[in-house]
Amino acid sequence: LKLWKIIMKISSELIHECPQITNCIGERELDLRGLSISVIENLGTTRDLFDVFDFTKNVIAQLDGFPRLQRLKSLLVSYNRIVRIPNSIADSLPNLQTFVLSYNRISSIDSLKHLGMFSKLEVLSLIGNPVTAQSNYREYLIFKIPSLRFLDYVRITDDERRKSKKLFSGRHGNTLLRKIEKNELEKATENEMDVELEKEMTTEIESQVSSELIQLVQRALQCALNIQQVQQVEQAAQKNDTEFLSNFISNATTKHD
């Protein structure tokens, strides 16, 4: 016998029933995690009243369907089936600052080229996507998104910015950029791709741990008030120290209140 999951549709009733919280920095967040949502639709019914949408652990394959939401600052879509970034999303979400796409199915750099249309994006995560094994992956995104401060939860340095700019400057750089965006570069080796695909096939327990860490780091970065706190969060993320991150967020929330 096959057990079929119920595919949920986003409706005004579902939005009303889902948890709506205020996070540690006073942002309004709509929690749509783990509902087997497959299509982005009907979000106009939110009346642009939220700063954060959390679509983690659904079955979303495409990010089309967003209305214009000027208030939205963070979009969390880890553990879905997304393969590309559509060209319309930046117009729909003009003030997006945090975009968490960890553990999806994005495999080519050219699928990311429209991220360059986000003028305010500061935090981007693509951890667990096959694209991270591609040559010039990090350099391309640093060059393409000048506003970016953290890529895959690692702070972008001034030296990285200089190297990325140099890589894509001049005749050779322009040629390289065109090849990347036309998907003409060689793909990662089979072994590299296998390693990335194995990450997607981890057990449910491992997935839950990774998802928890990603969410904690993202929220902790939002709560950080200075460079010292950012560095503390980075160190905790590298050590998988979820206890420290939880306490950090809790303390920040208490101070905010």
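**Exercise 1. Work out how helix α3 packs against helix α5.**

Step 1: get the geometry. The axes of α3 and helix α5 (residues 170–181) cross at roughly 105° and come within 12 Å. Axes here are lines fitted to C-alpha atoms, for helices over the stretch in contact, with angles running from 0 to 180 degrees between N-to-C directions. Helices (H or I, at least four residues) and strands (E, at least two) are DSSP runs, numbered from the N terminus.

Before going on, a word on the model. It is a predicted one, where local features need pLDDT of at least 70 and side-chain atom pairs count only at pLDDT 80 or more, while totals for chains, interfaces and linings use all residues. Residues are numbered from 1 along each chain as its sequence is written, and side-chain values use heavy atoms, with hydrogens and water left out.

Step 2: put a word to the angle. α3 and α5 are roughly perpendicular to each other. The scale goes like this: under 35 degrees is roughly parallel, over 145 roughly antiparallel, 65 to 115 roughly perpendicular, and the rest oblique.

Step 3: find the residues that meet. From α3 come Tyr140, Phe143 and Lys144, and from α5 come Leu177, Ile180 and Glu181. Contact means heavy atoms within 4.5 Å.

Step 4: sort them. The α3 contact with α5 has 4 nonpolar, no polar and 2 charged residues. Ala, Val, Leu, Ile, Met, Phe, Trp, Tyr, Cys and Pro count as nonpolar, Asp, Glu, Lys and Arg as charged, and the others, Gly among them, as polar.

**Exercise 2. Do the same for α3 and α4, then say what covers the buried residues of α3.**

Step 1: geometry again. Helix α3 (residues 137–144) and helix α4 (residues 158–167) pack at an angle of about 90°, and their axes are 9 Å apart. That makes α3 and α4 roughly perpendicular to each other.

Step 2: list the contact. α3 brings Arg138, Glu139, Ile142 and Phe143, while α4 brings Glu160, Arg161, Ser164, Lys165 and Leu167. These divide into 3 nonpolar, 1 polar and 5 charged residues.

Step 3: look at burial. In α3, the buried residues are Tyr137, Arg138, Tyr140, Leu141 and Ile142. Buried means under 20% relative accessible area, exposed over 50%, and partly exposed in between (1.4 Å probe, protein chains only). Their cover includes β6, β7 (150–151), β8 (154–155), α4 and α5.

**Exercise 3. Place serine 102 and glutamate 29, and find a polar partner for each side chain.**

Step 1: serine 102. Look in the loop between β5 (98–100) and β6 (123–125). Serine 102 counts as buried, at 0% relative accessibility. Its side chain makes a polar contact with the side chain of serine 125, at 2.6 Å. A polar contact is a pair of N or O atoms within 3.5 Å; within protein, one must be able to donate a hydrogen and the other to accept it, and residues adjacent in sequence count only if both atoms are side-chain atoms. Leaving out residues up to four places away in sequence, serine 102 touches residues including Val77, Tyr79, Ile127 and Ile214.

Step 2: glutamate 29. This residue sits in strand β2 (residues 28–31). Glutamate 29 is buried too, with a relative accessible area of 2%. Its side chain makes a polar contact with that of arginine 219, at 2.5 Å. Among the residues glutamate 29 touches, not counting those up to four places away in sequence, are Pro19, Phe50, Val52 and Asp54.

**Exercise 4. Compare two residues with positive phi: is each one buried or exposed?**

Step 1: recall the background. Most residues other than glycine have a negative phi.

Step 2: tyrosine 103. Though not a glycine, tyrosine 103 has a positive phi of about 55°. Tyrosine 103 lies in the loop between β5 and β6 and is buried, with a relative accessible area of 15%.

Step 3: asparagine 240. Phi of asparagine 240 is near 55°, again positive. Asparagine 240 lies in the loop between α8 and α9 (242–256) and counts as exposed, at 52% relative accessibility.

**Exercise 5. Which residues does phenylalanine 66 touch?**

Step 1: location. Phenylalanine 66 is in the loop between β3 (52–54) and β4 (74–76). At 9% relative accessibility, phenylalanine 66 counts as buried.

Step 2: neighbours. Not counting residues up to four places away in sequence, phenylalanine 66 touches Ile40, Leu43, Phe53, Leu75, Ile89, Ser92 and Leu93.
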